[in-house]
Amino acid sequence: MRNGAEPWAWVEEPCRSNHHGRGGGAATPRPPDRNSRPTGYCPLQQGMVHLLATMKRRSFLALLLAASAALVGGLWWLLRHAKPLWSSRGAKSESLWSDATGAALPPQQRAVLQALCERLLPDEEDSPGARATGAFNFIERELMRPELQSVRERLIRGAIQLDGLAVRTRGAGFAELDVSGQERVIAASMSRESENRRDSMLFVRDMLSLGLEGMLSDPIHGGNKDEIGWESIGYTMRPPRPYRPARSSHGEASDDG
Amino acid sequence: MTDEFDVVVVGGGAGGPPVALTLARAGATVALLDRGPRYTLQDFVHDEVRIARRDFFVPLVGTDPHVVVAKGRPPRRSREGWVASCLGGGTVHMSGFFYRFHPLDFRVRDVLGPIPGASLANWPISYEELQPYYAQVEREIGVSGESDGGAWTPPRESDYPLPPLDNHPAADLIDAAASRLGCIAFPTPRAILSRSYGGRSSCLYGHLCGGFGCEVGAKSSTLRTLIPAAEKTGKCRVIPGAMVLRINSSAEDRVSGVAYRDAHGADHELRARVVVVACSAIESVRLLLLSGGLGNAEGQLGQHVMFSTLSKAHGSFHFRDDAGRAKMLRDDAPFLGRSVLDYYLPRAGGDVRKGGALNFLFPPAGPIGQSIPVALRGSGFRWGRELKQALRFYWHEQKQIDCETFGEYLANPGTRVELDPDVRDQFGLPVARIVIDRHPHDDAVSRYLAERAAEILTEAGADRVWKSAIGGRTMHLPMGGCRMGDDPRSSVVDRVCRVHQRKNLFVSDGSVFVSSGGVPPTHTILANAFRVGAAIRDGFMRRDW
């Protein structure tokens, strides 16, 4: 039920539009037609016609010049800011991520996990790895999902241990080491001499699985940038591709039945 | 419709819809409930992470776990034992390997004799009693296959309604190798349409099949076949999102209906003259236990739980410099589709008394599902440049053919389902605790079958052959817990699957199985459910209820 004194607040419809916009379907009650305007009436359009009819030639040229300058300036501004204005893909994906509600990774462990991911799945000259495919972006998103919180905790614990091992054996945090140093620390963490060998192996296995998921899942999940992960293995993903992450509707109401 | 029905069927997976359809066709009013959602074709997108690797088909471990207690190990929360939680159940995401049980599977105690540590029994029914219902399943849902599968093919009354699916040319390698080893490899029967059938599209031969819902409905799930057919009668009301909390009793020997909570959290009660339980083996046992132990007068409820043994053999066929072979192997066809049943009983003596089926196929489709095993192999794994190199080889320089083996999992006193004393689900009810013991025969049969599969792959020309999952089992195929039998002291339901101590309570899923057979059980679950539906229908005609 609608309340208040003005139940039918007038809303201007777009110019040259005879149909109701989104949200105004056939079932939406029409407002009372107070002014009996013709179909397709547009106040801005009618105003321009009146202005041009009453304007002198010199004034018209000046107006044209000013309008052109404004247009060029506007175009220049748009080009400068084109990326944030037009790259809607990322923003769209984020907004669809409504089930990713967990906290972000702590910065220190985030750096360790990202470096580890890039060592486990390295970029090579002829073959993209975790960095080129954006696999860690996928992992960060996944770890915000409620059902992966135990995995997230396990990975944070693993990152703390790996970082500690790097400091003890090589005198610097894992993320600060060079490639060779990082590889040695990873190998040492899983060696027979390691005190936490079993935990370390599980930790690395988790990261490997997530990293491969990030490289080879649909780009809407944040990895497999521009599908170069699929391209690298010669895989063609056939339709129907998801336009948003597929989500279980367990427990949600259904219109069927 | 009111909240009174002739029949309430709990579970819309493999075991419930055949009963609902049979009774709705006979004019009974039927309510078909499932705790999961009703998916549509539009839900089945190719999103490997969400659909095949997360929780699209099963409840969250955090809210609805099973507790698994393997012998000698501490209890752990798990999603194991959940097949699916949606209308259509596991038939929505199945690979659709639709074998019939062999006649000897129904006489397994007689064939094998006593085996210490196993609780073997014969079924109270024979293959011949089930045979017309196998044919009905194939007709109703659409099964593609070839009748001549060699000596171990169960007797058939007619051809399959649809010819076999098209196979990858590498199937010829398996055919020839099996033949040289004295076996017959034949097209695997599939509940997937090779031709348009019943108003449904034929298979498009996409790569993402097993583990996914079919986007064109060519997979013969009950969601696409029996459930709509039941609704079409105008007698069946389908209620998704309905978690049945308990079965209500009206007398010592009768049930009166069910209580359920809908997806909005509201509680409802349905009255019924007959209640049928078909929630898949683990959850059916749990519901009967939660309802006061219906059928448990002799302590048999939850006993004799089984799974299918599972082991694998893998063959890597390198492209090498042979252009012809490389071209053939690079063919994009998704299905290899070859089965061998010649090892249903072992050919030589030894510690294996009963074998099972070999199912040759390509590795699970999907780039992630195939790449992760390249990294994680056995107890160790590859990483770094070594992994990248292995991935390059896997994807560009070879074709892998796998063989899954299915063998008899011997029912034993140590494998059972009970209510967990500690863990509760989102509804505040105790969850199912699955206690697992292993009979040594299970390990032996899985090893035996993997070795036979490896022999065929080697004979077929694989450059490298290895085995995995020896001693494994697949908890996607749970059976038993409400064993069928004539003696109430050793079973839960009688030969028409009516609970012994209740006149109007039936069970129609895999929980009634007496043995696990040597092939996946889905076809047999559906066939038996049609048989149960016919028995209930006949009871209505006799005015039993």
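Start by selecting A:Arg154 and A:Asp206 in this predicted model. The two side chains form a salt bridge, and their closest N and O atoms sit 2.9 Å apart. Colour the helices and you'll see that this pair links distant parts of the chain: A:Arg154 belongs to helix α8 (residues 149-170) of chain A, while A:Asp206 belongs to helix α10 (residues 197-216) of chain A, 52 residues apart. Buried or exposed: which word fits A:Asp206? With a relative accessibility of 18%, A:Asp206 counts as buried, because the cut-off for that word is under 20%. A:Arg154, on the other hand, is partly exposed, at 35% relative accessible area.

**Across to chain B**

Keep helix α10 of chain A on screen and pick A:Glu213 together with B:Arg53. These two make a salt bridge as well, with 2.5 Å between the closest N and O atoms. This pair crosses between chains: B:Arg53 is in the loop between α2 (48-52) and β3 (66-70) of chain B, and A:Glu213 is in helix α10 of chain A. Try a surface view here. A:Glu213 is buried, with a relative accessible area of 3%, whereas B:Arg53 counts as partly exposed at 28%.

Now stay in chain B and select B:Glu459 and B:Arg180. Their side chains meet in a salt bridge, 2.6 Å from N to O. B:Glu459 is in helix α12 (residues 440-459) of chain B and B:Arg180 is in helix α6 (residues 171-180) of chain B, so this pair ties together parts 279 residues apart in sequence. B:Arg180 is exposed, with a relative accessible area of 53%, and B:Glu459 is partly exposed at 32%.

Before you leave the charged residues, add A:Glu142, A:Glu213, B:Arg50, B:Arg53 and B:Arg54 to one selection. Salt bridges with shared partners join these five residues into one network. If you'd like to hunt for others, the structure holds 46 salt bridges over all chains.

**Empty space**

Next, look for holes. How many cavities of 30 Å³ or more does a search of the whole structure find? The search turns up 6. The largest cavity has about 160 Å³ of space in it. To find it, select B:Cys203, B:Gly206, B:Leu208, B:Cys214 and B:Glu215, which lie nearest its centre among the 16 residues of its lining. That lining divides into 11 nonpolar, 3 polar and 2 charged residues.

The second largest cavity has a volume of about 130 Å³. Its lining has 15 residues, and the ones nearest its centre are B:Arg100, B:Thr153, B:Pro154, B:Tyr160 and B:Leu341. By type, this lining splits into 9 nonpolar, 3 polar and 3 charged residues.

**The nonpolar cores**

In soluble globular proteins, nonpolar side chains tend to be buried together. For an example here, select B:Leu33, B:Ile247 and B:Ile536: within the largest nonpolar core, which has 169 residues, these three touch the most other members. Which helix gives the most to this core? It's α10(A), with 9 residues.

Zoom in on B:Ile536 and show its surroundings. Leaving out residues up to four places away in sequence, B:Ile536 touches B:Val19, B:Leu23, B:Val274, B:Val276, B:Phe506 and B:Trp545. There is also a second, separate core of 31 residues, and B:Ala170, B:Ala178, B:Tyr448 and B:Ala454 are among its members.

**A covered helix**

B:Val19 and B:Leu23, two of the neighbours of B:Ile536, lead you to the next stop. Both are among the buried residues of α1(B), along with B:Pro17, B:Pro18, B:Ala20, B:Leu21, B:Thr22 and B:Ala24. Helix α1 (residues 17-25) of chain B is mostly covered, with 8 of its 9 residues buried. Then click on B:Gly27, which follows α1(B) and has a positive phi, near 105 degrees.

**Last stop: a proline in chain A**

Finish at A:Pro242, in the segment after α11 (228-233) of chain A. A:Pro242 counts as buried, at 7% relative accessibility. What does A:Pro242 touch, not counting residues up to four places away in sequence? Its contacts are A:Asp218 and A:Ile220, plus B:Val45, B:His46 and B:Asp47. For a final distance check, draw a line from A:Pro242 to A:Pro106: the two are 136 residues apart along the chain, and their C-alpha atoms are separated by 31 Å.

Terms used. Residues numbered from 1 in each chain as written. Chains lettered and ligands numbered in written order. Predicted model: local features only at pLDDT ≥ 70, side-chain atom pairs only at ≥ 80, totals over all residues. Heavy atoms only, no water. Salt bridge = Lys/Arg side-chain N within 4 Å of Asp/Glu carboxyl O. Helix = DSSP H or I, 4+ residues; strand = E, 2+ residues; numbered from the N terminus. Buried < 20%, exposed > 50% of the residue type's maximum accessible area, 1.4 Å probe, protein only. 1 Å grid on protein atoms, 1.4 Å probe; cavity = no way out; pocket = protein on both sides within 12 Å on 5 of 7 lines; lining within 4 Å. Points joined across faces, edges and corners; volume = space filled by probe spheres on them. Nonpolar A, V, L, I, M, F, W, Y, C, P; charged D, E, K, R; others polar. Core = buried A, V, L, I, M, F, W, Y, C linked by side-chain atoms within 4.5 Å. Contact = heavy atoms within 4.5 Å.
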